[in-house]
Amino acid sequence: MVNCCGLLTVQKEPVPLKSVDVELEVRDHVATVVSTLNYENKEDKPLEAVFVFPLPGDAAVCHFSAKLRQTQIVAEVKEKQKAREDYDDALSSGQQAFLLEESEQSPDIFSMSVGCLPPGESASIRLEYVTELSVQADDGLRFCLPAVLNPRYQPQGSGGSGSGNTQVTSTPASLVPYTLSFSAQVSSPRPVSRIESSCSLDPLQYLNSEQTKATIKLAAGHKFDRDVELLIYYKDAHQPTAVVETGETSAKLGTLMGDPVVMLSLYPEFPQAVMSSVASCGEFVFLLDRSGSMDQSMNNSKTNQTRISSARDTLLLLLKSLPMGCYFNIYSFGSSYEHIFPKSVEYSQQTMEEALKKVGEMGSNLGGTEILGPLQHIYNQPCIQNQPRQVFVFTDGEVGNTKQVIDLAKQNSHAHRCFSFGIGEGASSALINGLAKEGGGHAQFITGTDRMQPKVMQSLQYALQPAVVDISVTWDMPKDVSVTVLSPPITALFQGQRSLVYARLSGQISEAAEGCVAVKYSLAGHPTQNQLQFSLKPAEDTGLTVHRLAARTLIRCLEMEQDPFLPPDESMRNKVVELSVQSGVSSAFTAFIAVNKDNGEAIQGPLVRRNVPTPGYLPNGQVKYYSLVSFGKTKSKSRGSGFFGSLLRNFKRGGKKSQSEECGPCQPSMDPLLQVVSLQKAPGSWDLAPALATALGKTSEEMEKPKPASVNQEVWATILSLIWLHGFKIDAQEEWELLARKAVSWVCAQNSPCVNECVEAGNALLGCQVQKDALGL
């Protein structure tokens, strides 16, 4: 454990970081972010201020500079060890210096050192990065400015290095002594339909009549108590696009920065006939984080549902929605890991009930966050023939060995798809996005007031899509133009999911030239092709955003080739350093270094180190300090007495609660939708039981009386449940759509008479007006 040094906010000492100003510029689906950090030394001795903070995991830092009085110092990218030595040399000679470096364990953690800030002096640090915006299930583009650096759990035996040795102070947001201002400008070829956020925003302002340009700001009074998340929605979001960007005039032709680069945004459209035949097979493995931090509430309020209880509710929906004939298993992990079955079992009423009982007992009581072990165990299990394996990972994403975990998913992507879910503020975007990208799946983030269930069910829809195989991208270009693809091969395609492809163009490119790219693949045995025709004329005003994102893609590909358990390969390391220096883009092996060589006399006096606190969340509101080297997570008591615990007790009593249960102060109010869903049987039907009557707001007698005489009780109960879902829970259709589809298939298979009569009687009983066609019957 590193001793706690530097600034302790409980002692009311001054903090050198005063404010953070962020300007976001979004062009279609990529973003440029400029952060200005303003420091001021109010002490009577020179300071070294250290600030450890998160950035999006796929961000490419491309500019770092400092302004002192009227002097502007622009940092250059150097090999990391050389940059550190230059920084130390500058400090030892009394010069002002600035160092920015990426953590070697995780690409979404950076540390910034501001050295030799004299008494009474101010410094303004400018940090610029570019990033792709991920597409959410509802077609929104997600931008997240992480305000939270949660402690990263460091697995046993893995020592930190580099910036990972920096002390992190994590403090309640109300005590963070610096402010945040944030504004965004959005432009796109398509109209901006709306922008949403988990934070309060000023009204959206359009800058032109076509509504293709807009600006928005954080509302005054933002407390910096959560990540700043924007969801940007365009009209016709699924149109494929291409952006050609001209090279840097000072760079040599034939290099990445000297030649034009094209960025393709592809949205494959699958034939409807194929998409309607959802797969009825697969092995579904659910991996649930049960570390102590999962006991926190979803949106950091004391009254909100906890992360672990939301995950339990989600597992209920997932287990009810699985198709008959598939296989499944559930793992959970903390400092150790557990599994419900020794190996995946066939989905049936018996195995589903057994799993639900175990899920109901799961609490956030397994200590730390060691995800590598259970993932290795899952991947080591032999695959089941004709049952493609789909791994669903639920975590608040706080691990120190991020690169090792992602590399493991990549090594096994030939036989598994990985769907990942970042829960709560501060989830590591590098881990969540990396698992999905390298595992051929899809990533989702659940923050603020988001409900986990619709996002997870959207991913289950993806997982049930037939696997796309034999994917190839072919280019048709003018004869004097050649293409060098910079992105890794596309390994996974889903309906509605975007793929970005970067390529370098070289040769004689005329103003009127056009190119064509075709994505070919096979879907459920059907060869399919999507094409995009595009102009090779460079776009205006893109700066070098596309080049830097392309460089970042190449750097990440090279870094992923490295075995995380072995020392870095020198050849690979040299390639990354060369590319990073050439493009001015950050990497694990380089750092930004700026030294003020014009500040005259050396600064006198001992240098005092101050660690700037990062906002963090603690249930009791106390200040807490973490070390990036030795993290532990507090253990918490099992929450098995929550929704599932009461539900199981309720089953045993036929839906009736004891007086003590009804009056108990800790009795949770059951969500009516989950109550109805929990009573569905694995094949898709419901029993006409007292518990179902209660859930539908009726007595057993009221339920049984209008049943047509020739219809059996199970069919009647199932049709009633379907009517109730469509009549009262249509706004949550994403959550129950799959299990309702299963129920409809079950009803149709019964060849029951009087279905029309059942629907009419059910509508009359429940006070609904749901048509038979709407039910799918």
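**Exercise 1. Find which side chain makes a polar contact with the side chain of aspartate 86, and decide whether aspartate 86 is buried or exposed.**

Solution. In this predicted model, the side chains of aspartate 86 and lysine 78 are joined by a polar contact of 2.6 Å. Next, place the acidic residue in the fold: aspartate 86 belongs to helix 1, which covers residues 80–92. Then turn to accessibility, where the cut-off for a buried residue is under 20% relative accessible area; aspartate 86 has 15% relative accessibility and therefore counts as buried. Finally, list its surroundings: once neighbours within four places in sequence are left aside, aspartate 86 is in contact with Lys78, Ile593 and Val595.

**Exercise 2. Classify the ring pair of phenylalanine 286 and phenylalanine 392, and then the pair of phenylalanine 394 and phenylalanine 421.**

Solution. The structure holds nine aromatic pairs, and these two can be worked through in turn. For phenylalanine 286 and phenylalanine 392, the ring centres are 5.4 Å apart and the planes stand at 65 degrees; since planes over 60 degrees apart count as edge-to-face, that is the class of this pair. The pair links distant parts of the chain, with phenylalanine 286 in strand 20 (residues 283–289) and phenylalanine 392 in strand 24 (residues 389–395), 106 residues apart. Both phenylalanine 286 and phenylalanine 392 are buried.

For phenylalanine 394 and phenylalanine 421, the centres lie 4.8 Å apart and the planes at 10 degrees, so this pair is stacked. It too links distant parts of the chain, since phenylalanine 394 sits in strand 24 and phenylalanine 421 in strand 25 (residues 416–423), 27 residues apart. Phenylalanine 394 and phenylalanine 421 are likewise buried. As a last step, connect the rings: ring pairs join Phe286, Phe392, Phe394, Phe419 and Phe421 into a cluster.

**Exercise 3. Determine which residues touch the most other members of the largest nonpolar core, and which helix gives the most to this core.**

Solution. The largest nonpolar core has 82 residues, and within it Phe284, Phe286 and Phe394 touch the most other members. Helix 16 (residues 713–728) gives the most to this core, contributing nine residues. To see one of these phenylalanines in detail, consider phenylalanine 284, whose contacts beyond four places in sequence include Leu322, Tyr327, Phe392 and Leu464. Another core, of 54 residues, lies apart from the largest one, and among its members are Val135, Val192, Ile216 and Ala594.

**Exercise 4. Identify the ring over whose face arginine 142 lies, and do likewise for arginine 194.**

Solution. Arginine 142 lies over the face of phenylalanine 445, at 4.1 Å from the ring centre. Arginine 194 lies over the face of tyrosine 233, at 3.7 Å from the ring centre.

Definitions and conventions
Residues numbered from 1 in each chain as written. Predicted model: local features only at pLDDT ≥ 70, side-chain atom pairs only at ≥ 80, totals over all residues. Heavy atoms only, no water. Phe/Tyr/Trp six-rings, centres within 6.5 Å; stacked < 30°, edge-to-face > 60°. Helix = DSSP H or I, 4+ residues; strand = E, 2+ residues; numbered from the N terminus. Buried < 20%, exposed > 50% of the residue type's maximum accessible area, 1.4 Å probe, protein only. Lys NZ or Arg CZ within 6 Å of the ring centre and 35° of its normal. Polar contact = N/O pair within 3.5 Å; in protein donor to acceptor, adjacent residues only side chain to side chain. Contact = heavy atoms within 4.5 Å. Core = buried A, V, L, I, M, F, W, Y, C linked by side-chain atoms within 4.5 Å.
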